[in-house]
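Please look through the structure shown here, and then follow the paragraphs below from one part to the next.

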Amino acid sequence: MPDSHLSRRDFIKATTFFVGGAITFVLGLPAIAYLIDPALHSTGKETWVPIGKLDQIPVGVPFPFSFTQVQVNGWERTSTSHGGFVVRKSDNPKDLIILNSRCTHLGCTVNWKSEANAFVCPCHDAKFDANGKVLAGPPPRPLDRYTNTRVADDGTLEILFAES
Amino acid sequence: MWKKIFDWLDERLGLNDLYKNLLDRPEPKGMWWNTLGSASLFLFILQGVTGIFLTVYYTPSPDHAYDSINYIMQGVAFGWLIRGIHHWGATLMVIVVFIHMLRVFVTASFKYPREMTWLIGVGLFLLTLGMGFTGYLLPYDQKSFWATTVGTQIAGSVPFIGGFILKVLRGGSDISALTLQRFFAAHIWMLPAALAGLIGVHLYLIIKHGESHYPSKDE
């Protein structure tokens, strides 16, 4: 009959093995979570940015707006400025386009010049018409548009802004 | 199958010899006080591992050191655990290393042929204190800023060369970005490298000489 008595030495060995394993387990799994944590956070958050009361935005004249978005990466906060123009064609709340004021050439901010009847970029004198179409200059494509818009219950025009 | 693999490895790496000489070496009939050296080693490794993990998010710059630690505590999964272990482990390590030293002194284990083991051990204790001192500044909050102000001023009170020592410690006459950066470098590179090297020699000497018997009443 084999000796089933557990020797002091084997007991210590087993205890060391067990406690060591427990420590590795209790520390190891959180350590993995700690390392991969930033990858588990969802990015590209979407927020509705209010632009202004729709009934105060004039019809026919491009209405400038701007807003600032703060992006948080860990302990670093980066705020970026964005701007654009609301172009209302008629009183119909749906009949409008919202243009991004960032020039599609090199990213300067375009301004509406009523005497030229165009958006003019200060950097290379590019011109866009009220719909954002390129009239003159180097830009490769029309002005970008904010396409996701809605009018809130209190009459505020809002655009959907998605973090990159 | 496993035995075959183990035997193959053992033949080439000498695993059984290692085990016999490192873990199965004869010990005098001991007390729990004799385990404090191993406890110190364990804490050193634990501090090393958690410290390495902390550097994943920590930034040693005056602008962001505090924010990055705040982020570790609030934002990162189990960041509080990793930093908590490092924080309390540091205190525990100073205590354990000190009691270990006290035990060696009280049992007169520093005598021939173990004088070098003792001297290196003193170096290890001082390095451990250095780790505590440099690590204390890294959160860069009010407490650590003023603790370092006082600590470096004490070093600056040495006659004749005190002012020079203070400037070397701070990287200039004020506590600044340079202070934080050099304390960080000392904390994660220089002191741990010195500790690891001396621990290696310390362990070699312990294995070479074996642990000392406690003196009996007749001796």
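In strand β10 of chain A, A:E158 is the bridge partner of A:R150, and A:P50 also stands opposite A:E158. Strands here are DSSP runs of E of at least two residues, helices are runs of H or I of at least four residues, and both are numbered from the N terminus. Two strands count as paired if DSSP finds at least two bridges between them. By that rule β9 (residues 149–151) of chain A is joined to β10(A) by three bridges, in an antiparallel arrangement, and the two form a hairpin with four residues between them, where A:G155 in the turn has a positive phi of about 85°. Strand β1 (residues 46–53) of chain A pairs with β10 (residues 156–162) of chain A as well, antiparallel and over seven bridges.

This is a predicted model, in which local features need pLDDT of at least 70 and side-chain atom pairs count only at pLDDT 80 or more, while totals for chains, interfaces and linings use all residues. Residues are numbered from 1 along each chain as its sequence is written, and chains are lettered from A and ligands numbered from 1 in the order in which they are written.

Chain A is divided into domain 1 (7–40) and domain 2 (46–162), with bounds that come from an automatic or database domain assignment. The C-alpha centres of these two domains of chain A lie 56 Å apart.

In chain B, the helix α4(B) has B:A65, B:S68, B:I69, B:Y71 and B:I72 buried, where buried means that 20 or more other C-beta atoms, placed from the backbone, lie within 10 Å of the residue's own (12 or fewer make it exposed, and values in between partly exposed). Seen down the axis of α4(B), these buried residues fall within an arc of 155°, so they line one face of the helix; the arc is that of the directions from the helix axis to the C-beta atoms. Their cover includes α3, α5 and α9 of chain B.

How many residues does each chain give to the contact between chain B and chain A? Chain B gives 15 residues and chain A gives eight residues, two residues being in contact if their C-beta atoms, placed from the backbone, lie within 7 Å. On the side of chain B that touches chain A, α4 and α5 of chain B are the elements that give two or more residues, and the largest share, four residues, comes from α4(B).
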